[in-house]
Amino acid sequence: MHPATASRALNEHTAGLLSPETAERVRVAAEQLGYRVNRMARALKTRRSLAIGMLIPDITNPFFPPVVKGAEDALADAGYTLVLANTDNDESKERVQLGGMLQSQVDGLLIATARRRGAAIEQLRTGPVPMVLVNRTLDRGGVSAVIPDDLGSMNLAVRHLHELGHRRIGHVAGPGNTSTGSRRVKGFTGAMRELGLPAGRMVRAKLFTEEEGCRAAATLLRREPNLTAIVAANDLLALGTLDAAAAAGLRCPDDLSIVGMNDMPLSDRVQPPLTTVRVGEYELGRQAARLLLAHIERPDRDPETILITPELVVRDSSAKPAARESGPKPAARDSGGRPAAGHSAGAGDTLVSEQAAARY
């Protein structure tokens, strides 16, 4: 048998060029001889490192490990190794790590850190390696991305609460400089308007963290004490909202229903178990890796955006609204109507108007 035939049979990308019988005969012979593919030699021959760089913004966020696992499994099937870096939401750290990955000659990049107008990512648009955004998009577009259907996710959450009987629904929004935060604001306001409900009852968190969720939710509850439900832009913000509700003397879901987003691991173990919208983190990573591999094989491939279909997961944190005479006490105000000392909102915590929400 010619060496080229054996090489094709042992390469998952070219085995389909041979008959199944020939390919199987080569694999059986290789196994009997104890042969293993020398991936370093193959990389030298193909001028590829067979390594993919992946940047994530927060390794402590339970959303990302399943995303990374999905990407890693898809890449391993194709003979690639994943190189992971965490940026801690720090743009300078992101630039350093991207530079290191490019110097290591990775064959492609999976970027989960992109901001709506990120300078570092903009420079990579015409860079030396293919790139796919994960869970993020750029305002300018033109880069392939795999993202949850955030508009559909918010629609599921809002309509679920509406069907339970809620009409006074608020939103703890994600950071406005991320496409996820802005898309979910758009989804929330769109769903509320379709139902004929006021869409401006929201406060924006600065980060997708539990602490920011608590801070933003506390502001929202002070400003809108009669809310009966809150949709949070992710599950960590929802956990913070649970803390803020408890601090305000509200029980969930008796006094306040709370719905999260993402169905992160262990969201069914909190008290009460969290109603949320599942976005399929593993599939998100797997599809992103497969799309990147397609761009590596065909560098002239047009950019595309793949949406991952959401699924509502109903648990115990949402229920029919109970009649309550008053919510948490509103913030104290001075004679001029301004918040009194100790009750002023922090920077970025102001209630978002419906008109401003429409611009996100």
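## The big picture

Of the 360 residues in this protein, 51% are buried. Keep in mind that what you're looking at is a predicted model. Its secondary structure adds up to 12 helices and 13 strands.

How much of the contact list links residues 24 or more positions apart? Counting contacts with a separation of 6 or more, such pairs account for 71%.

## Strand β8 and its neighbours

Let's start with strand β8, which covers residues 229-232. Its side chains alternate: A229 and V231 point one way, while I230 and A232 point the other way. Whichever way they point, all of them are buried.

β8 has a partner in strand β6 (residues 169-173), and the two pair in the parallel sense over four bridges. One spot to look for is H171, whose bridge partner in β8 is V231. β8 also pairs with strand β9 (residues 257-259), again in the parallel sense, this time over three bridges. Here A229 stands opposite S257 of β9. To get from β8 to β9, the chain passes through helix α10 (residues 235-247), and this β-α-β crossover is right-handed.

## Helix α10, the connector

Now for α10 itself. Just where the helix starts, a side-chain oxygen of N234 comes to within 3.2 Å of the backbone nitrogen of L236. After the helix comes G249, with a positive phi near 80°.

Does the helix length add up, and what span should we expect? With 13 residues at 1.5 Å a residue, α10 should span 18 Å, and its end C-alpha atoms are indeed 18 Å apart.

α10 is mostly covered, with 10 of its 13 residues buried. The buried ones include the run from D235 to L242, along with A244 and A245. What covers them? The cover includes strands β6, β8 and β9, helix α9, and β10 (276-278).

## Helix α9

α9 is part of that cover over α10, and it runs through residues 210-223. Its 14 residues should span 20 Å at 1.5 Å a residue, which agrees with the 20 Å between its end C-alpha atoms.

Which residues of α9 are buried? They are E212, G213, A216, A217, T219, L220 and L221. There's a simple idea to keep in mind when you look at a list like that: an α-helix has 3.6 residues a turn, so residues three or four places apart point the same way.

## N86, a buried asparagine

Elsewhere in the chain, N86 sits in strand β2 (residues 81-86). N86 counts as buried because its relative accessible area is 14%, below the 20% cut-off.

Leaving out residues up to four places away in sequence, N86 touches I56, P57, D58, I59, K93 and Q97. P57 is 29 residues from N86 along the chain, yet their C-alpha atoms are separated by 5.7 Å. With I59, a polar atom of the N86 side chain lies 2.9 Å from the backbone nitrogen.

## A pair of rings

How many aromatic pairs are there? The count comes to one aromatic pair. The rings belong to F63 and F64, and they meet edge-to-face, at 5.1 Å centre to centre with 85° between the planes. Both numbers matter here, because a pair of aromatic rings is described by the distance of the centres and the angle of the planes.

Are these two rings' residues buried or exposed? F63 counts as buried at 3% relative accessibility, and F64 is buried with a relative accessible area of 4%.

Definitions and conventions:
Residues numbered from 1 in each chain as written. Predicted model: local features only at pLDDT ≥ 70, side-chain atom pairs only at ≥ 80, totals over all residues. Heavy atoms only, no water. Expected span 1.5 Å × (residues − 1). Buried < 20%, exposed > 50% of the residue type's maximum accessible area, 1.4 Å probe, protein only. Phe/Tyr/Trp six-rings, centres within 6.5 Å; stacked < 30°, edge-to-face > 60°. Pairing = 2+ DSSP bridges. Right-handed = clockwise from strand over helix to strand, strands pointing away. Contact = heavy atoms within 4.5 Å. Polar contact = N/O pair within 3.5 Å; in protein donor to acceptor, adjacent residues only side chain to side chain.
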